[in-house]
Structures are given as structure tokens and as C-alpha cells.
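Notebook open, coffee poured. I'm going to look up a few things in this structure and jot down what I find.

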Amino acid sequence: INPDARQTPVEALPDDVLFSVGAGELKDQDQFVLHAIAQAIKRVPYTVLIEGHTDNQALLPNSRYGSNWELSLARAMSVVNYLVQYEGIAPERLGVAAFGEYHPRFPNDTPPHRAANRRIEISILRYE
């Protein structure tokens, strides 16, 4: 790890902006949000990290994902795939992290807190 690296958050998107409950595929109608973010990403030459986060609630028994970690990875990869396939961002500029339920912003003690913990974070990484 480079101690001189700086991480600049671009956006933290709540999961309901891009995904249906328990789903890892992007909702078609909300991809315009990612389009706007992609325009900002295209203006800088730095690496972009896409992070997936969830709350600590168990997934439904019929979920296609084995854990919240897998769900957070699927969501982060859906964003990466969109940025590469539809926005033309070079894949070598993108990184993915799946944190599952393990990096909450708030305690998972209320519905609003759990909702805030379910998110995609997009950060620009600058190395100096």
C-alpha cells in the first residue's frame, strides 16, 4: 500500500438508487446517475475504486447470493461493467472492493441506519 495515496470520494450512492432489494443487477431506469458520474470520472486521469457495502441483515433464503459479501461484490461489479461497457472507461482505471456488512457508516440498529449502510461508494485514488 502506498502511504502517499489519497482517496477522494466522488459519490456514495444508496443501494435503492441503483438496485432492487437483494439484487446485484443495475436497475435500467436509474443508470442516468452512473452516466453523470462517468462524465466526472472521464475528466480525471486517476484510478477509480468501486466499493460495495451492505447492512448486516440476512439475505432471503432464495437469494442467488450466499452472503452479503457476495451481494456487495455483485453490485460493485455491476457498476464496473456498466462503466466499461456503456461509458467506455478503460478497465485498467477501475478497481473493485466488496466490504459486505463489515464497514458500516452507522450501527445497524434502525431501518434508516441499515438503509444508509447499503451503498456503493465511488472514489478517485490519487498517488503522489
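Surface first. I looked up how much area the protein chain exposes, and it comes to about 7300 Å², with carbon and sulfur atoms supplying 55% of it. Accessible areas here come from the Shrake-Rupley method with a 1.4 Å probe, and for residues only the protein chains shown count as cover.

Note to self on the ground rules. This is a predicted model, so I keep in mind that local features need pLDDT of at least 70 and side-chain atom pairs count only at pLDDT 80 or more, while totals for chains, interfaces and linings use all residues. Residues are numbered from 1 along each chain as its sequence is written, and side-chain values use heavy atoms, with hydrogens and water left out.

Overall build next. I found 4 helices and 4 strands in the protein chain, and from the N terminus they run β-α-α-β-α-β-α-β. The protein chain is as compact as a globular protein of its length, because its radius of gyration is 15 Å, close to the 14 Å that the globule rule gives for 128 residues. For the terms: helices (H or I, at least four residues) and strands (E, at least two) are DSSP runs numbered from the N terminus. The radius of gyration is taken over C-alpha atoms, and the globule rule is 2.2 Å times the number of residues to the power 0.38. The C-alpha trace spans about 40 × 35 × 25 Å along its principal axes.

Then burial and contacts. Buried residues make up 41% of the 128 in the protein chain; buried means under 20% relative accessible area, exposed over 50%, and partly exposed in between (1.4 Å probe, protein chains only). I also checked contacts (heavy atoms within 4.5 Å). Of those between residues at least 6 apart in sequence, 74% join residues at least 24 apart.

On to salt bridges, meaning a side-chain nitrogen of Lys or Arg within 4 Å of a carboxyl oxygen of Asp or Glu. How many are there by this rule? I got 5 salt bridges.

One of them pairs Lys42 with Glu87, with the closest N and O atoms 3.6 Å apart. Lys42 sits in helix H2 (residues 31-42) and Glu87 in the loop between helix H3 (68-85) and strand E3 (94-100), so the pair ties together parts 45 residues apart in sequence. Is each partner buried or exposed? Lys42 is partly exposed at 40% relative accessibility, whereas Glu87 is buried at 8%.

Another one pairs Arg105 with Glu121, again with closest N and O atoms 3.6 Å apart. Arg105 is in the loop between E3 and helix H4 (111-117) and Glu121 is in strand E4 (residues 119-126), so this pair ties together parts 16 residues apart in sequence. I noted Arg105 as partly exposed at 47% and Glu121 as buried at 15%.

Glu121 has a further partner: its side chain meets that of Arg119 in a salt bridge (2.7 Å, N to O). Shared partners join Arg105, Arg119 and Glu121 into one network. Arg119 is buried, with a relative accessible area of 5%.

Last entry: Asn108, in the loop between E3 and H4. I have Asn108 down as buried at 18% relative accessibility. Leaving aside neighbours within four places in sequence, Asn108 is in contact with Asp55, Asn56, Arg114 and Asn117.
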